[in-house]
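Biologist: Before we discuss the ligand site and the local geometry, could you put the model in front of us?

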Amino acid sequence: MADMTVAYSPSHGLGEEQSIWFKLTPLLNQENPMQVLMALSDKYAGVIPINLKNQRIVLLSEPEHAERVLVSNADNYTKYFDGLRPIFGRSMITIDGALWQKIRTPQQAAFHPNMFEEYFPYLMSAIDSKMARWAKFAATGETIEMVEETWTLAAEMVCKALFDREMPFNPHFVFKQVKTYTDVMNHKSIRLKNVRGELVEITGEDTAKAMEVWHSVPDMVMGANVLEHREKTLLTMLQEAEADPDFPEFDHRQVIDEMKQYLWAGTETTALTLAWSLYLLSQHPEAMERIRAEARAVCGDADPQWNQVQQLAYTRQVIQETMRLFPPIWGLIRIAAGDDDIQGHKIRAGDKVVILSYIAHHSPKFWTDPEKFDPERFAPERAKKRVKYSYLPFAAGKRACIGGALSQIENTLALVQLLRRFTPEYVGPKPAKIHATVTLCPKGGLPFRIHALS
Ligand code: HEM
């Protein structure tokens, strides 16, 4: 593939000059990027306006700001996806207004809690494959990269539970390609030449390969071995919408783009949460023991049954606390359609607004001893006292994550099953550092060794 030449259009999205990511690069390429943002937020009372020649970015971190932008005046704020179009196409996560509602409606049923029982055996089967793999790692003693491990697991869960298919692609390879795009801080070095509005010939081996691989994935999934021919799956819902003559907007391209969206938005976030939680647990063996004790109390020596999942409450709290400390989506970006006033701060039409969930999650105003790993914060009595919109792992309002509840079931089951059989030992530098891409990744990964429990 060396020296591959591709027709490149700026609409492919890699590295627009005006990209908010470029503007934030100096802030985020720091040793500890979130510390820098927290210090600035403290200094400017939660509102950091960044004035550039022809545009303004406003970083917001108070719960009231989130409420205004995501909930009470949400229609004034549209989605921002510079650089990520090749990943998401025109899927619903990128669309605004009436069309977004129309596209989301036929998919909503797949995420209703009454579907989760049906997904349960497929989630367990994906965890079984992971355990078989980890048994080999335990025998060889080799060092593994945890995010790759958990990403494979999350992708297999989505393929099996939501699409009724075996996972037909090599996730390690595919997601490496996706990273070309989501590692937006590196766009500048990848982008070679970009003349606005015109097709430009560039040599871009990375981008071309990444696009080619990613675009082939939905077809591969559709053509893969069907597991059970279930009547109602997310995939059949998408296909029904496509077949509906009264819904011309939902064409085949839409089905493909929705699948891409689930294969990324529904996997990397879940995978990062599980990987970060294993890191935190490796540093807090008492919490790991408590998960094992809870599993024994609820399930004995047997595998969890569906009706026991709700009782794995402490395990779920560990996941919630992980998403507080390491929110996979650390900032929510919007463009102001019209002027607004947020707590006395003027927002102008065209401003880019970033809700910094990470900062609210780490603020001593809302959390006692915020840097401490303390899953008890999410015990029901304490959780009730939480300040609204101070915890936003899944955003809020009508554009909140469709898969938040499902991801917590996936990760609860994964933690319980993996930790009852293995002790994952983190072997990287401590503490693990953050690399702030579109998602909150570990810098240099999270290397682990796996030990089998006797
Ligand atoms: C820990 C796991 C997850 C986290 C932290 C997470 C986080 C988020 C966040 C913050 C948003 C809103 C983005 C914004 O407003 O700019 C979002 C949207 C979305 N998420 Fe998730 N997500 C997770 C898991 C999942 C799963 C498992 C699925 C599906 C299988 C999923 C599918 C989606 C979709 C389709 C949207 C767009 C919804 C819309 O625009 O209507 N996510 N997610």
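The questions below go from the ligand to the backbone.

Modeller: A word on the basis comes before the answers: this is a predicted model, in which local features need pLDDT of at least 70 and side-chain atom pairs count only at pLDDT 80 or more, whereas totals for chains, interfaces and linings use all residues. Residues are numbered from 1 along each chain as its sequence is written, and side-chain values use heavy atoms, with hydrogens and water left out.

Biologist: Which protein atom is the donor to the iron atom of the ligand?

Modeller: Donors are N, O and S atoms within 2.8 Å of the metal (3.2 Å for Na, K and Ca), and water is not among the atoms, so sites may look incomplete. The residue concerned is found in the loop between α17 (380-384) and α18 (404-421), where helices (H or I, at least four residues) and strands (E, at least two) are DSSP runs numbered from the N terminus. The protein gives the iron a single donor, 2.3 Å away, and that is the SG atom of C401.

Biologist: Which side chain has an N or O atom 2.9 Å from an oxygen atom of the ligand?

Modeller: Polar contacts here are pairs of N or O atoms within 3.5 Å; within protein, one must be able to donate a hydrogen and the other to accept it, and residues adjacent in sequence count only if both atoms are side-chain atoms. A polar side-chain atom of R104 lies 2.7 Å from a ligand oxygen, while a backbone N or O atom of A265 lies 3.5 Å from a ligand nitrogen. The contact at 2.9 Å belongs to the side chain of R399.

Biologist: How do the residues of the shell around the ligand divide into nonpolar, polar and charged?

Modeller: The ligand has 27 residues around it, a residue being near if one of its heavy atoms lies within 4 Å. Ala, Val, Leu, Ile, Met, Phe, Trp, Tyr, Cys and Pro count as nonpolar, Asp, Glu, Lys and Arg as charged, and the others, Gly among them, as polar. The shell accordingly holds 7 polar, 4 charged and 16 nonpolar residues.

Biologist: Which residue that is not a glycine has a positive phi?

Modeller: Most residues other than glycine have a negative phi, and most peptide bonds are trans. A cis peptide bond joins K430 and P431, with omega about -10°, and P431 is placed in the loop between β11 (422-426) and β12 (434-436). The positive phi, about 45°, belongs to D369.
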